[in-house]
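Visitor: I would like to go through this model with you and ask, for each label, what it rests on. Please set the values against the definitions as we go.

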Amino acid sequence: MMTDMQKPLNFYPIQLKDRQRAESIRKQYGNTLYLYTFASLIVWQKDEQYAICFGNDAFLIKNGAEGEHAYLFPCGSDAGKKALIDALLQQETPVFYSVTDEDKAFLESAYPDRFEFVERRNDFIYLFDKDAQIELKGKEYKKQRHQIHIGESSAENWTTEPLTASNIDRAMAINRKWAETKGAYTLADLDAAECALRHFDELSLQGLLFQADGEDTAYVISSYITPHIIDLSFCKVLGERRDFFVRWKYFSSLPQEVKTIDSEEDMGNEGLRINKLARHPSQLIRIWKGSLKR
C-alpha cells in the first residue's frame, strides 16, 4: 500500500490563505532566507512560476521559471524535508535551488554521494548590519557618506510618511514612472512590486513614502523575516543618485530591535553587484544548486 508521500505530490498556485501555514512552518524551523517568507513567495509567484506543496511539517516550492523539475530546497523539519525529497526522487530527477551550506550538508548526509553541487554566485544573499549602515563610521564608509550627502542635497526639503492604504496609489505611480525610466528589463520587478503594494496590509508589509520638495519621489517596502531581520523587498527611487540617501533614511526609521538587513541577491547584474558590495555587507550567504549525479 502506498504511503501519502509515495503519491504524486500536490502542487498548486500559492494563495493568501496559505500564509499562516507556510509562515508557521518557516518560523518554527528557523528558516531565515528571505525567499521563503510568504510575502516573497507570493509576490514573485508569477515571474518565478511558483507552486506550493505542503507535507508534514514542511513545504516545497516548484520553481517553474528554472525548469520543469526545478524546486527550491524544502523548508521545514528534517523529517518533513526528507519525506518530500524522497517523494520527488520516486517520481522524477529534481534539481534544487536556493541551497545553503546547511542544506548542502543535509543532502550529503541524507543522500550520500547522490548529489553534486554548483555554486551560484548570482544568488548569494547580501546581509547588512543595520546600525553600521546608519552610523557609517570610519574610512571604509567615506564614499557611502558622500553618496548620501549628494542624495540629500538634491532637494531642499525631504519628507517621509508611512506607507498605508491611503497612499498606496501614490507608490504605484512611482513604480510606473520608475519602470518607464529603467526600460523593459524591469517589467518582472514591476509586477512583483505592484503585487506587494496591492496586498500590502494582507502581507503585513512595512514601508515609507518619500517626497522631495513636495513631489513623490521614492518608496521602500520591507517585511520581517524575524523580529531582528528585515528583508528590504523593494526600493524605488526617482532621480539620479538618491538611492543611498533613501535607504539610509529608511534604515534610520527602523526599530532598535532590528539588527540585520537582508538586501537579497544581485542576480548577476554588474551594476547591482557593485552597488551592494560598495555598501560593505556584513555577510554573504553562499547559495548552491544541487542536482542528482548522472
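Guide: The chain holds eleven helices and 13 strands, where helices (H or I, at least four residues) and strands (E, at least two) are DSSP runs numbered from the N terminus. This is a predicted model, in which local features need pLDDT of at least 70 and side-chain atom pairs count only at pLDDT 80 or more, while totals for chains, interfaces and linings use all residues. Residues are numbered from 1 along each chain as its sequence is written, and side-chain values use heavy atoms, with hydrogens and water left out.

Visitor: What makes β8 and β9 a pair, and in which sense do they run?
Guide: Two strands pair if DSSP finds at least two bridges between them; β8 (residues 206–212) and β9 (residues 215–226) have seven bridges, in the antiparallel sense, so the rule is met. Within this pairing, L209 has Y219 in β9 as its bridge partner.

Visitor: Why are β7 and β12 said to stand at the edges of the sheet?
Guide: The open sheet has seven strands in the order β7-β8-β9-β10-β11-β6-β12, with mixed pairing. Because β7 (158–162) and β12 (283–285) each have a single partner strand, one side of each is left without a neighbour in the sheet. From one strand to the next, the twist averages 30°.

Visitor: Which strands does helix α8 lie across, and at what angle does it run to β9?
Guide: Helix α8 (residues 168–182) lies across β7, β8, β9 and β10 (229–237), and runs at about 105° to β9. Such angles run from 0 to 180 degrees between N-to-C directions, the axes being lines fitted to C-alpha atoms, for helices over the stretch in contact, and contact means heavy atoms within 4.5 Å.

Visitor: How do you know that R286 and D101 form a salt bridge?
Guide: The definition asks for a side-chain nitrogen of Lys or Arg within 4 Å of a carboxyl oxygen of Asp or Glu, and for R286 and D101 the N to O distance is 3.2 Å, so the pair qualifies. R286 lies in the loop between β12 and β13 (288–292) and D101 in helix α5 (residues 101–110), so the salt bridge ties together parts that are 185 residues apart in sequence. The structure holds 20 salt bridges.

Visitor: What separates K81 from D78, and why is K81 called buried?
Guide: K81 and D78, whose side chains meet in a salt bridge at 3.6 Å, N to O, are three residues apart in helix α4 (residues 78–91), which means about one helical turn between them. Buried means under 20% relative accessible area, exposed over 50%, and partly exposed in between (1.4 Å probe, protein chains only); K81 has 11% and is therefore buried. By contrast, R286 at 35% counts as partly exposed, and so does D101 at 36%.

Visitor: How many disulfides are there, and how do you know that C195 is in none?
Guide: The count is zero, a disulfide being a pair of cysteine sulfur atoms within 2.5 Å. The cysteine sulfur nearest to that of C195 belongs to C235 and is 19 Å away, so the cut-off is not met. C195 is also buried, at 10% relative accessibility.

Visitor: What makes the radius of gyration agree with a compact globule?
Guide: The globule rule is 2.2 Å times the number of residues to the power 0.38, with the radius of gyration taken over C-alpha atoms. For 294 residues a compact globule would have a radius near 19 Å, and the chain has 20 Å, which agrees.
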